[in-house]
Every structure is written in C-alpha cells, then in structure tokens.
Amino acid sequence: MALTRPDRIAGFEERAYGLFLHWGLYAQLGRGEWILHNDDDITPEEYETLTESFTAADWDGREIARFARESGMGYAVLTARHHDGFSLYDTRGLSDYDAPHAAAGRDLVEDFVEGCRAEGIEPFLYHTTLDWHWGSDTCDQSSFEEYITYLHDSLEIVLEHYDIGGIWFDGDWSRDDVDWHLDDRYELVREYRPEAIVVNNTGIGNEGEISHPEIDSVTFEQSEPEPLDRSGADQYVAAEMCQTMNGHWGIGADDYAYKSPGDIIETLATCRGRGANYLLNIGPTAEGALPAYEQAAIRRAGDWIDDVGQSIYEGRPVECSCQGRDFVLETDDGLFYLAFDLSISGHENVTVTTGGSGPRSIAGLDRDISGARWLDSGEELTVFQAASESITTIDCTGFPYGSDTVVRVAELQ
Ligand code: GLC
C-alpha cells in the first residue's frame, strides 16, 4: 500500500538536510547556470557546442551520494534539466540535446539515482519548466501548448524510468500569461510516483507560497524560512529552504563569497527551529567533481551533526519564547534546547569572542524541567523553573576553551 500523504511528508521532514546539485553544460563556463541568458555575447548556437566537450569524466553518483551521507544529509536533488534545456538524462529519442548525445555518452541521471539508492540517500530530480532552448518563455500561446506536450513527454520519461523519492519543479514563475496545466502535470507524477514528494519552487519574492493542493513542500529560496502558519490550510505541507554555498547555483569559478561551516550549522539549526528542511547547493566542476572547498566546509558541518544527531532530524519546533536566536525542539522521546551566540570561556589575554554565557530564559514552555546537559560534553546545567510565570531558566555555560561548535544543544530532562 502506498504511503499516505502525511507519512510521506513526515518522512521528508526527517530527512531534514539535503544536497542540491546544479550541473549542466554551463559548468564548463564557470559563470553560473544563467550564463546563456545573461551574457549577450554567447549565442545559442555557440552554447550548444558545449555538448562536444561535456565529458562528465568525473561524474560519479555513488561518490556524491556517499559524500552526502557522510556529511549528515538525507537526500539529494539533481538538475535533470535546467533552464538551458539540456537534459542530463536519456530523453529516449525525444531530443538530441541530452547527455547520451553529448561527449559524456551516458545517462548521468541514472548514475546519480543508482548511486543515491546504494548509499541510502533519497534521490530527487529537479526539472525545469522554463526552457530557453525550446523558447517556452518567448513563444506565443498556441506554441506554448506544444511546449506543454514536450514538457509532459519529458516528465513522463523521468517519472517512469528513475526510482526517485521526489520531483522538484522550477520555472512556472517565468510566465503568468499561460496555462501550465498543473493538474495534468501532477496527475502524471501521481500515476508513476505516488509516494514522491512534489515541490514547485515559487522563487525569490514568493517564499512559502502554497501554489497547488498537490504540493508537498513550499520553498524558501535564498531566504530565512518563516514558521509556517498552517492554521487555515486545507492540508499540512512541509517547508524547505534552498541556498547556495556562494552567490551562484551553477559553479561560479570566480565567486569567493563562501559560507563557512559555522554559517551552515547556524542555518541548518535555524531551519529546523522553524520546521523547515535545508537544501544546500554545490555546483560541480565542468567534469562533474565536487569542488574542494564546498566538500570540506560541508563535511566540517557534518561533524557537528554527528554530535547532535537525532535532535536535528526528528526535532519538531516547540511553541515557546526564547532569548535571542535560541529555540526548543522536541522528538518522540526528548526535548532539546539549541543555544546560539555563546562565548568561549578563556583567559582575557587570549580569548576574544562575541556572544555571552549565563542564564537564559524560556517563556511559555509548558513542561516540568528538572535538569539539562550539553549533548557534546555531558556537562550538567543548572535549571530553575518559576511555575507561576511559566519561565524556565537554563544556566548556559560558554564553550570550554578549545571548542566552539557555534550552536550548542542541551538535552532537557
Ligand atoms: C531559481 C533560478 C535557478 C535555480 C533555482 C534554485 O529559480 O532560476 O537557476 O535553479 O532558483 O532554487
């Protein structure tokens, strides 16, 4: 029997943290995935010749999936086709503009999906609905109907042939003067993949919008997820925040503005505190390798996940009011306090940190708490509860000299 909608959404939420991969012909130019559109000096004909040098020599789905698993991620989303219209999958005769017809000569999506399955990473495919190659953004209404046929034929191939856990659409925001035939699109998904998570990116400026009843998760592109107000909604939806490691999705070879392991830890924690998943992007190299900095930073953040474990995957936000950026998560058998901006305790001649340590209060936490201890060190913390005002105070000691894990997690007893 197929998973029910609440079960599949709960399963997605527990996967918590995912790897987004933006990869395609554009990786060879190293200036992001919009380069065809943004650089007037590149003609579509020139761009198409990139297929001849797209070898995918370093593309190894299993290795990528292992990296994701070892970094604490639960799923991965690959751009099977991006706005340039080039498919990393075998379009099976529908078009020549795909990886088997390029220098790669093989189905790169199949390699990815099989690699993910072998490593226990849930494979998702991103599929564009905006197609510059086809001209979906500039064609007239009647040609747009032909485009929809092409898009749905493409999706049918993807849905039928790859064992995916989710499908991630992007591009409907490119036109609001046409009928996207969304009911037909989602019907197709449900016919082939009744258990797949369906996401449709509403884009920058429309974060958190529920665009259709078949949507399983709303998106927060490059922003901070807001706690969703689900009170008036017909059914529960998950939330996911996607973010770049620097300022580009497809590799930006001259972009040095990287996020650090500390940034990743803070953002992942913040997403979980607001009940959202965190989908963090890497743009692989021209040949399909994961660049060294991104790997190192994400692995380092993964060490933190190892320490805090289930609280991050299974924790659901608890309604209460904490100081600063702190919050409380609850799992089936535990309650966790996540503390931000703690200082390092050390000698004043050597230690300079911002933040602080000492008592922090939680208002409105409707539980009896008798004690607390840091998950990383096991140190017991002093807790006071003033029942009359429903205030719980935890004496948050700072990081011992020699450590700073950015966000510290205490288990409450
Ligand atoms: C935007 C961009 C796109 C990127 C996506 C990821 O919609 O058009 O290039 O794939 O965001 O969220």
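Modeller: Buried stands for under 20% relative accessible area, exposed for over 50%, and partly exposed for the range in between, with a 1.4 Å probe and protein chains only. This is a predicted model, where local features need pLDDT of at least 70, side-chain atom pairs count only at pLDDT 80 or more, and totals for chains, interfaces and linings use all residues. Residues are numbered from 1 along each chain as its sequence is written, and side-chain values use heavy atoms, with hydrogens and water left out.

Colleague: Why is Arg92 called partly exposed?

Modeller: Its relative accessible area is 37%, and partly exposed lies between under 20% and over 50%, so Arg92 is partly exposed.

Colleague: What makes the phi of Arg92 notable?

Modeller: Most residues other than glycine have a negative phi. Arg92 is not a glycine, yet has a positive phi of about 50°.

Colleague: Why does Glu187 count as exposed?

Modeller: Its relative accessibility is 55%, and exposed means over 50%, so Glu187 counts as exposed. Glu187 is found in helix 7; helices (H or I, at least four residues) and strands (E, at least two) are DSSP runs, numbered from the N terminus.

Colleague: How do you know that strand 17 and strand 18 pair?

Modeller: Two strands pair if DSSP finds at least two bridges between them. Here 4 bridges join strand 17 to strand 18 (residues 391–396), so the two pair, running antiparallel. Ala386 stands opposite Ile391 in strand 18.

Colleague: What makes strand 10 and strand 17 edges of the open sheet 10-14-18-17?

Modeller: Strand 10 (321–322) and strand 17 (383–386) each have a single partner strand, so one side of each is left without a neighbour in the sheet.
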